[in-house]
Amino acid sequence: MTPPTLQVRNLRTHFFTRAGVVKAVDDVSFTVDRGKVLGLVGESGSGKSVTGFSILGLVDPPGRIAGGQILFKGQDLAGLSEEAMRQLRGNRIAMIFQDPMMTLNPVLRIDTQMIETVLAHEKVSREEARQRARDALGQVGIPSPEERLRAYPHQFSGGMRQRVAIAIALLHKPDLIVADEPTTALDVTIQGQILAEAQKLCADFGTALIWITHDLSVVAGLADDIAVMYAGKVVEQGPVTQVLDQPLHPYTVGLIGSVPSRNKRGEPLRQIPGMTPSLLNLPAGCAFRARCPRAEARCAEPPPMAEYRPGRHARCIHPYEEAVAA
Amino acid sequence: MTVFLLRRLIQAAAVVLAMSLLVFLGVYAIGDPVEILISPEADQIERERAIQALGLDLPLWQQYLVFLGNALRGDLGRSFVFNEPALQLILQRMPATLELAVGATVAALIIGLPLGLYAGLRPNSTLSKGIMAGSILGFSLPTFWVGLMLIMVFAVQLGWLPSTGRGETVEVLGMRWSFLTANGLAHMVMPAINLSLFKISLVIRLTRAGVRETMLMDYVKFARAKGLSPTRITMVHVFKNILIPVVTVVGLEFGGTIAFSVVTESVFAWPGMGKLIIDSINVLDRPVMVAYLMIIVLMFITINLIVDITYSLLDPRVRLEGKA
Amino acid sequence: MSSTTAGAPPAAAAARVETPFRRFVSEFAESRLALLGLVVFAIIALVAILAPWIAPQNPYDLAQLDIMDGRLEPGSVGGSGITHWLGTDDQGRDMLSGIIYGLRISLTVGAGSAILACLVGASLGMLAAYAGGRTDSLIMRLVDLQLSFPAILAALMILAFLGKGILNVVIALVVVEWAYYARTVRGTALVERRREYIEAAQCLALPTHRIIFRHLLPNCLPPLIVVGTMQIARAIALEATLSFLGLGVPITEPSLGLLIANGYEYMLSGKYWISFYPGIALLVTIVSINLVGDQLRDVLNPRLKK
Ligand SMILES: Nc1ncnc2c1ncn2[C@@H]1O[C@H](COP(=O)(O)OP(=O)(O)OP(=O)(O)O)[C@@H](O)[C@H]1O
Ligand code: SF4
Ligand SMILES: [Mg+2]
């Protein structure tokens, strides 16, 4: 049996700042199989991007991976040399960044930025690399790619730039793509197109996809599995339909309740009360305690990740065992 | 691009006009133009004739028009000392100053860019801290004194380099240049280094700041996510971005370098415009001073124009705005 | 270094009241180099002030000079029995004494012109920020013009027309430096003006001068101090340069620059000390001021604080 494309085990990524240790990712585990999509959701600052960067080995000082394993097709990436890691990046593992306006170098033409990616991993002629770049642009639906290749990033709209970034990620038909909120900056129609393309990609090439977002409706339509992050920890995970229909963790319930489309008309939007805690001095015990409607004395102890139903894990002492009307 | 150029040219012309008015006022309204523009040794008849020729008996605004008209025809007065047209005198010495300033700029880039790049990439290493301390010294060292010390060590003590003058020159394009002969080049080394000292520090600081800022940008991280080699990231993605501010500042500083060459030229007896102006000031050869001022203003404006154009060539964003 | 204070228990922090000034002092002292610069500068300033009591010789008193002592090497004993630790110049003047008195002139000119330029520039900058409109754009045009023209050239030209002399040097330095202060003050004042408390003060119908002196100026002070420190160093260097070129102070009142110029012709014959030591004194002075200025900028600039 071939190992899953990606297995993250007890990953800890901490930032050792002057003010103290920021545990941006603290004991995160999940698995993504070939051709599957994992939706990674959570509110701003919960550690989604840092998780993505950790997989690519792109955590900048003062941050570093403080523990755990990242098994890519069975091989632990933590043990790899920087050069070996470089050969994987952009080739077998690609990433699409959050802000399309910032990901392309403003002073280099699109063709330069695409061709260099091809040449970094394969010994082909410039002409062939250019051909590949042109095909990739066409694949993500950019009209007249030959012409657009000679343009500079600022001549593209945000949506177009994100497509270019996606095209770059597709150049080597990677085994794994980490997509960090790739559609948040785009309008809805383009978002739909890109989602459709992403699904096609997984089906055609068996690419595994980690789709980071805080938009639950995107995850509902796209992902196979979902992992909900809160304050650096995965608090609930499982198959996407089950988790969305019958959430276990109070935070997931709150998250679903705050999605407009899922509320009945006329009912006020439900918000999760309180604020995201500072990661600098998290209280012991459950990090959601201060905002949780079901909190009790036992929650001052750190709740373990437990399997409450087959394939359904949650990090909560007092989960919603029966379906909640959301 | 043409619209952009045209607009810049009109702006430049306006500034030249403003400066000419300022120089004119300085000479005619504040000082006594007779004393300033007519040799103290001239006799009464000569004076009368000159006053007529310069239109000093006319009202001030007419005088300005005469001054402007003369200036446009390239007549900025005659040097009392050399009894030659002031403009010609200055233009003869311009190549010497230009080659010195260019030499200093090139030296600043060759030395400053790699050091700044290193200090930016490894900000915490001992060498980087040394480089930065050195750059503070470069800002603080009085140029003329460093020049003296260079002469002291390399010319007097070690005898490696000639202390003063331009050395052998060859004539190219009707002007005499030192940098094309070995002897001339040897003469140029110390003055050029001396003049570039301040600029080296400047380039180091700019480069370092630019590198540190650029390294934090998302597009650098994305370049790493693409699996590019560190060399490619540094030399293409980072370097091309910092080149824009560095080239702009160094270009704009070129005028300052020409201005500051008065000091270096005096120390090394380098026969350029700067030495000429100091000598002229010391003997109160005022037409030369006026001519020098006008030339310098013109040079400044030209430099600004060139920098603007280069900048727009380097930065695609500016280039396109100009087109639109 | 600072991690120990950051990690201090809250009780200890509360015991020592943290005033803004205390914090400023402790942040400044974080850089040993800046502290060293401050100490060195203090010593230099003290030496300059106490020159008549410290210097072995009064270099202006011609009766004390003996031409026979001319160009003595460092460490030799002159005719009057004085040991010339730094040698003598061509007129038999003790270099150490010359440097001490020269420092006095250099510092006076540097600080004097910086203070004057600050007064002129700050007033104009404040006027520009407060009056706005045409006054503002006129003043700022002047500032741009001034800043785009190299200081050395402007100063040279002014001195060429005014002639030598300490006062003229100060005037020239003020002319080339006021613009930095004006720009700084205007920038800060424009930001501060928009702040609520100014509005509040205006609502209370406080007189304009009160708003300016009580509210605007105190806020403009930190950037002014930073610019001022740097400009003192610049003024000293510029004065030395002008004097070296023979356009600054007169021969009767030799500043460091003029001392260096005097040694120029003897340099080629290996008599290095006449130029060397005054240069070192100049260098140490400028570096110490710049070190202090650098740190002040880091401490007082809120943008750099993380
Ligand atoms: N360089 C850093 N130094 C210190 N802390 C950092 C650094 N980078 C990230 N963090 C911390 O890591 C935490 C997680 O950040 P991350 O960017 O992963 O959040 P996110 O879930 O992607 O949020 P968003 O939805 O806003 O993108 C943040 O709280 C942040 O404070
Ligand atoms: S562990 Fe307690 S506080 Fe935390 S989510 Fe569950 S019920 Fe709420
Ligand atoms: Mg993020």
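# Briefing on a predicted model with chains A, B and C

A backbone N or O atom of Gly47(A) stands 3.1 Å from an oxygen atom of ligand 1. This contact belongs to a predicted model, and the points below cover ligand 1, a magnesium ion, two parts of chain A and the make-up of chain B. For chain B, the UniProt record, an unreviewed entry, lists the feature "transmembrane region" at several stretches, including residues 133-157 and 177-198.

**Surroundings of ligand 1**

- Besides the backbone of Gly47(A), two side chains offer polar atoms to ligand 1: an N or O atom of the Lys48(A) side chain is 2.9 Å from an oxygen atom of the ligand, and for the Gln98(A) side chain the corresponding distance is 2.8 Å.
- The protein buries 67% of the 630 Å² that ligand 1 exposes when taken alone.
- Around ligand 1 there are 15 residues, of which Ser44(A), Gly45(A), Ser49(A), Val50(A) and Gln98(A) come nearest.
- At least two residues of this shell are supplied by strand 1 (6-17) of chain A, and at least two by helix 1 of chain A.
- Helix 1 of chain A makes the biggest contribution to the shell, with 3 residues.

**The magnesium ion (ligand 3)**

- Two protein atoms act as donors to the magnesium ion, OG of Ser49(A) and OE1 of Gln98(A), at 1.9 to 2.5 Å.
- These donors come from distant parts of the chain, 49 residues apart: Ser49(A) belongs to helix 1 (residues 48-56), while Gln98(A) sits in the loop between strand 6 (93-96) and helix 3 (100-103) of chain A.
- Both donor residues are also among those that come nearest to ligand 1.
- Gln98(A) is partly exposed, because its relative accessible area is 35%, a value between the limits of 20% and 50%.

**Backbone features of chain A**

- A cis peptide bond, with omega near 10 degrees, joins Pro61(A) to Pro62(A).
- Pro62(A) is located in the loop between helix 1 and strand 4 (63-72) of chain A.
- Lys173(A) has a positive phi, near 45 degrees, although it is a residue other than glycine.
- This lysine, Lys173(A), is placed in the loop between helix 7 (158-170) and strand 7 (176-180) of chain A, and it is partly exposed at 41% relative accessible area.
- Glu181(A), likewise not a glycine, has phi near 45 degrees.
- Glu181(A) occupies the loop between strand 7 and helix 8 (188-205) of chain A; with a relative accessibility of 4%, it counts as buried.

**Helix 4 of chain A**

- Helix 4 (residues 110-121) of chain A is largely enclosed by the rest of the structure, because 9 of its 12 residues are buried.
- The buried residues of helix 4 include Ile110(A), Met114(A), Ile115(A) and Val118(A), and also Asp111(A), Glu116(A) and His121(A).
- Among the elements that cover these buried residues are helix 2 (82-88), helix 5 (126-139), helix 6 (145-149) and helix 7 of chain A, along with helix 10 of chain B.

**Chain B as a whole**

- Chain B contains 13 helices and 2 strands, and 50% of its 324 residues count as buried.
- Its C-alpha trace spans about 85 × 60 × 35 Å along the principal axes.
- Of the contacts in chain B with a separation of 6 or more, 70% are between residues 24 or more positions apart.
- Carbon and sulfur atoms account for 67% of the accessible surface of chain B, which comes to about 14,800 Å².

**Annotated regions and Ser266(B)**

- In the UniProt record, the remaining "transmembrane region" stretches of chain B are residues 12-31, 100-121, 242-270 and 290-314.
- Residues 133-157 of chain B are 92% helix and 0% strand, with 27 Å between the end C-alpha atoms.
- Residues 177-198 of chain B are 77% helix and 5% strand, and their end C-alpha atoms are 24 Å apart.
- Ser266(B) lies in helix 10 (residues 230-268) of chain B and is buried, with a relative accessible area of 17%.
- A polar atom of the Ser266(B) side chain is 2.7 Å from the backbone oxygen of Val262(B).
- Beyond its neighbours within four places in sequence, Ser266(B) touches Ser261(B), Lys275(B) and Ile278(B), as well as Leu245(C) and Tyr264(C).

Methods. Residues numbered from 1 in each chain as written. Chains lettered and ligands numbered in written order. Predicted model: local features only at pLDDT ≥ 70, side-chain atom pairs only at ≥ 80, totals over all residues. Heavy atoms only, no water. UniProt positions renumbered as here; feature names shortened; annotations may be inferred. Helix = DSSP H or I, 4+ residues; strand = E, 2+ residues; numbered from the N terminus. Buried < 20%, exposed > 50% of the residue type's maximum accessible area, 1.4 Å probe, protein only. Polar contact = N/O pair within 3.5 Å; in protein donor to acceptor, adjacent residues only side chain to side chain. Contact = heavy atoms within 4.5 Å. Donors = N, O, S within 2.8 Å, 3.2 Å for Na, K, Ca; no water. Near = heavy atom within 4 Å. Areas by Shrake-Rupley, 256 points an atom, 1.4 Å probe, with all protein chains shown as cover.
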